[in-house]
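Me: Could you take a close look at one part of this model for me? I would like to understand the sheet and what surrounds it.

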Amino acid sequence: MAWINGFNLGRFWDRGPQTTLYVPGPVLGATNELVILCLHGTETTLAHFVPRPYLGHTDF
């Protein structure tokens, strides 16, 4: 799970095509706290903000 400033962004998963979570603009402030809860072993997770989502392969 991932939260920013107490707002639940949703579940992140290392499988599947989606690699971004949407952050609504009003949730962000001058300083922000990102909390990631990972209950399963995973490789290093790198979090960063990008201007456009990357949803993976979407052409079926």
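Reply: Happy to; here is a walk through the sheet, its hairpin and the residues around them. Please keep in mind that this is a predicted model.

Let us start with the chain as a whole. It has 60 residues, of which 15% count as buried. There are 3 strands and 0 helices, so from the N terminus the elements simply read β-β-β. Among contacts with a separation of 6 or more, 58% link residues that are 24 or more positions apart. The chain exposes about 5400 Å², and 58% of that area comes from carbon and sulfur atoms.

Now to the sheet itself. The 3 strands form an open sheet with antiparallel pairing, and their order is S2-S1-S3. S2 and S3 stand at the edges with a single partner strand each, so one side of each has no neighbour in the sheet. From one strand to the next, the twist averages 25 degrees. As background, strands of a sheet pair through backbone hydrogen bonds, in either a parallel or an antiparallel way.

The pairing of S1 with S2 deserves a closer view. Strand S1 covers residues 2-4 and pairs with S2 in the antiparallel sense over 3 bridges. You can follow the register through two of the residues: Trp3 has Asn8 as its bridge partner in S2, and Ile4 has Phe7.

Between these two strands sits Asn5, in the loop that joins S1 and S2. The hairpin has 2 residues between its strands, and Asn5 takes a positive phi near 55 degrees there. Asn5 does so although it is not a glycine. Is this residue buried, exposed or partly exposed? With a relative accessible area of 34%, Asn5 is partly exposed, because that value falls between the 20% limit for buried and the 50% limit for exposed.

The next stop is the nonpolar core. The largest one has 5 residues in all: Ala2, Ile4, Leu9, Val23 and Val27. In general, nonpolar side chains tend to be buried together in soluble globular proteins. Ala2 and Ile4 fall within the range of S1, residues 2-4, while Leu9 falls within S2 (7-10). What does Leu9 touch, leaving aside residues up to four places away in sequence? Its contacts include the core members Ala2, Ile4 and Val23. Leu9 also touches Trp3, Leu21, Tyr22, Pro24 and Leu34.

From S2, the chain continues into the loop that leads to strand S3 (34-36), and Thr20 lies in that loop. Thr20 counts as buried because its relative accessibility is 16%, which is under the 20% cut-off. Not counting residues up to four places away in sequence, Thr20 touches Pro53, Tyr54 and Leu55.

Finally, look at the segment after S3, where Cys38 lies. Cys38 is partly exposed, with a relative accessible area of 40%. The C-alpha atoms of Cys38 and Phe12 are separated by 9.0 Å, with the two residues 26 apart along the chain.

To bring the pieces together: the sheet runs S2-S1-S3, the hairpin of S1 and S2 carries the positive phi of Asn5, and Leu9 touches residues including Ala2, Ile4 and Val23.

Methods
Residues are numbered from 1 along each chain as its sequence is written. This is a predicted model: local features need pLDDT of at least 70, side-chain atom pairs count only at pLDDT 80 or more; totals for chains, interfaces and linings use all residues. Side-chain values use heavy atoms; hydrogens and water are left out. Helices (H or I, at least four residues) and strands (E, at least two) are DSSP runs, numbered from the N terminus. Buried means under 20% relative accessible area, exposed over 50%, partly exposed in between (1.4 Å probe, protein chains only). Contact means heavy atoms within 4.5 Å. Accessible areas come from the Shrake-Rupley method with a 1.4 Å probe; for residues, only the protein chains shown count as cover. Two strands pair if DSSP finds at least two bridges between them. Axes are lines fitted to C-alpha atoms, for helices over the stretch in contact, and angles run from 0 to 180 degrees between N-to-C directions. A nonpolar core is a set of buried Ala, Val, Leu, Ile, Met, Phe, Trp, Tyr and Cys residues joined through side-chain atoms within 4.5 Å.
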